[in-house]
Amino acid sequence: MSRRSYGHTAPMPRVPAASAPDPPRERKWWHPPRRTGGGRWLRAFGLTGVVLVGAWLGLLIVGNVRAPVGPMDTTMALRPSLSGGTKVDVSPLGALTLDSHVAPVRLDVDVDQLDPGRAQALVDHPERLSGLQDEVARDVERGTLDLAVRSCVAVVTGATALGLAVYRRPRPALAAGGLALTLLAACGVSAWATWNPKSVLEPKFSGLLSSAPSVVGNARSIVTDFDVYQQELARLVTNVTKLYDVASTLPAYQPDPSTIRVLHVSDIHLNPAAWKIIGSLVDQYKVDVIVDSGDTMDHGTSAEKGFLDPVKDLGVPYVWVRGNHDSRATQRYLEGIRNAHVLDEGEAETIAGVRFAGTGDPQFTPDRSQATGGDAAERLAGARLASALRDQKAKGTPVDIAVAHEPVAAAGTDGTVPLVLCGHLHTQGTKILPLGTRLRREGSTGGSGLRAVEGQYPAPIEASVLYLDRDTRRLQAWDAIKLGGLGRTTAEVSRHLVKH
């Protein structure tokens with residue numbers, strides 16, 4: 001029997017086969033990248049750079065303090081520096097540099113102007129000058145305190161602001177500000193630990209040469225009158241006040257009568273400009289006597305003799321010894337000039353209250369026909385000079401200053417005289433010899449003469465003013481003077497005290 005289909009039969013729904021469960025997925029943990037040592041150092045250097053730049057910008061923008069100091073208006077500021085110290089800018093006369101401390105910050109004091117009212121009050125009431133030191137000390141104390149507070153705010157603000165601009169997050173920005181404050185505190189501790197209260201006694205002046213004596217001050221007064229830094233700073237401010245007194249004119253410099261001033265020159269080498277410089281120094285420093293330690297000439301010829309004629313117009317005694325470029329003919333010509341005192345073979349003479357003895361150089365090097373004796377000849381000349389010095393002491397007329405041209409000969413006088421002067425090397429220098437004699441070597445007051453154009457830079461013109469006690473005739477201090485060489489107009493004066 002056949003089956004019939006009526007209509008359409010619905011298909012049976014498919015039952016999906018049961019799928020196997022997925023295998024459990026392995027859980028993956030995230031590991032942050034390992035920080036290498038180089039990355040940490042790089043971030044540390046970056047943060048340090050942000051701190052230093054931000055602190056410097058803060059000091060530069062808001063780290064200044066305007067403070068009245070006595071009759072003057074000043075601006076005080078801290079500035080980054082590798083050597084530290086203090087710089088006092090006395091515009092337009094020049095600047096004083098003081099080795100006051102060793103720290104990576106320098107104290108800058110700019111003398112802006114002299115307050116007319118306060119200055120006139122001092123003129124009208126001179127008795128107030130006696131209290132000027134105390135007033136200046138109080139003003140400086142207030143000014144430095146304000147500067148310390150403002151500097152702290154400036155470095156923190158500058159470092160934090162720059163840190164925020166660079167990192168754009170508050171945490172590293174605050175870290176930069178805190179580090180900046182820590183660095184400034186460390187600088188303050190370093191400055192305090194290395195503070196030199198006597199630094200004002202040995203200033204270095206750069207600027208107009210005519211103002212140097214008044215700014216640097218008087219050696220005798222500074223040595224005897226001041227014991228602490230505040231008093232010394234008061235004296236410095238008083239000297240600067242004198243400079244600004246009498247509307248734009250430099251004051252007359254009044255020398256201390258208790259000092260003898262000796263101008264030491266050497267190695268002029270036929271530079272005619274040297275005579276004008278020497279004359280200016282004689283006037284500015286009220287020099288009592290000039291000592292020339294030789295090589296005034298270049299070849300010692302007869303044609304050069306007229307170069308010595310300005311000696312008679314200098315107005316003070318001129319003590320001279322022969323150098324290796326000065327001939328015997330040069331020496332005889334100078335002996336005929338008034339004011340000139342030629343010393344040779346240990347000859348001694350009292351001049352301007354000081355007893356000198358000296359000897360000429362045993363060698364004359366421009367004469368190529370004769371062999372030179374070298375250091376052996378210089379040592380022999382030094383021994384002869386020392387013998388003459390001992391003879392003077394035995395006679396009861398001890399010599400105060402010995403003079404020779406060559407340092408080797410000068411060193412032979414060790415133990416026989418307190419001070420010996422020389423030249424020859426065209427550089428300034430001083431040292432204490434083994435037996436206690438101080439050897440002071442002068443540079444070239446002629447800027448090495450024609451040799452000034454041989455090198456890449458012109459040689460400086462150098463001289464020194466020596467301050468002697470009038471009673472003991474012992475060296476108290478000296479001012480080392482250095483002028484820019486050929487074509488330059490700079491002047492630098494640095495004060496040095498004798499350490500007893």
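This is a short walk through one predicted model, from the whole chain down to single residues.

Overall picture. The protein chain has 500 residues, and 47% of them are buried. The secondary structure comes to 11 helices and 19 strands. Take the contacts with a separation of 6 or more: residues 24 or more positions apart account for 63% of them. The accessible surface is about 26,500 Å². Carbon and sulfur atoms own 57% of that surface.

Now the strands around β16. Strand β16 covers residues 438-441. What pairs with β16 in the antiparallel sense? Strand β15, residues 429-432, over four bridges. Two positions to look at. I432 stands opposite R438. K431 stands opposite L439. The two strands form a hairpin, with five residues between them. In that turn, look for G436: its phi is positive, about 105 degrees.

Strand β16 has another partner. Strand β14, residues 419-422, pairs with β16 in the parallel sense, again over four bridges. There, C422 stands opposite R441.

Which way do the side chains of β16 point? R438 and R440 point one way, L439 and R441 the other. In a regular strand, side chains alternate between the two faces of the sheet. And R438, L439, R440 and R441 are all buried.

That brings us to H264. H264 is in strand β7, residues 259-265. Buried or exposed? H264 is buried, because its relative accessible area is 0%, and the cut-off for buried is under 20%. The side chain of H264 makes a polar contact with the side chain of S293, at 3.1 Å. Set aside neighbours within four places in sequence, and H264 still has a list of contacts. Among them are C422 and R440, which we have just met. The list also includes V291, L421, E442 and L466.

Next, a loop. S81 sits between β2, residues 72-80, and β3, residues 86-90. At 13% relative accessibility, S81 counts as buried. What does the side chain of S81 reach? The backbone nitrogen of S83, at 3.2 Å. The backbone nitrogen of G84 also lies 3.1 Å from a polar atom of that side chain. Beyond four places in sequence, S81 touches A103, P104, V105 and R106.

Keep R106 in mind. Side chains of opposite charge can pair when their charged atoms come close. The count of salt bridges here is seven. One of them joins R106 and D108, at 2.5 Å, N to O. D108 is buried, at 13% relative accessibility. R106 is partly exposed, at 24%.

Another salt bridge joins D344 and R328, at 3.5 Å, N to O. D344 is in the loop between β10 and β11, and R328 is in helix α9, so the pair ties together parts 16 residues apart in sequence. D344 counts as buried, at 10% relative accessibility. R328 counts as partly exposed, at 47%. What else belongs to this network? R322: the three residues R322, R328 and D344 are linked by salt bridges.

One more pair. D400 forms a salt bridge with R474, with the closest N and O atoms 3.7 Å apart. D400 lies in the loop between α10 and β13, and R474 in the loop between β17 and β18, so this pair ties together parts 74 residues apart in sequence. D400 is buried, at 5% relative accessibility. R474 is partly exposed, at 40%.

Helix α10 itself, residues 374-394, holds A386. A386 is buried, with a relative accessible area of 4%. Where is T413 relative to A386? The two are 27 residues apart in sequence, but their C-alpha atoms are 4.7 Å apart. A386 touches T413, and also G412 and T416, not counting residues up to four places away.

Last stop, the surface. Which residues form the nonpolar patch? V53, W56, L57, L60, I61 and V62, with about 520 Å² of accessible area together. L60 is in helix α1, residues 37-62. At 38% relative accessibility, L60 counts as partly exposed.

To recap on the model. Strand β16 pairs with β15 in the antiparallel sense and with β14 in the parallel sense. H264 contacts R440 of β16. The salt bridge of D400 and R474 ties together parts 74 residues apart.

Terms used
Residues numbered from 1 in each chain as written. Predicted model: local features only at pLDDT ≥ 70, side-chain atom pairs only at ≥ 80, totals over all residues. Heavy atoms only, no water. Patch = residues over 30% accessible without salt bridge, like charges linked within 9 Å, V, L, I, M, F, W, Y side chains within 5 Å. Areas by Shrake-Rupley, 256 points an atom, 1.4 Å probe, with all protein chains shown as cover. Salt bridge = Lys/Arg side-chain N within 4 Å of Asp/Glu carboxyl O. Buried < 20%, exposed > 50% of the residue type's maximum accessible area, 1.4 Å probe, protein only. Pairing = 2+ DSSP bridges. Polar contact = N/O pair within 3.5 Å; in protein donor to acceptor, adjacent residues only side chain to side chain. Contact = heavy atoms within 4.5 Å.
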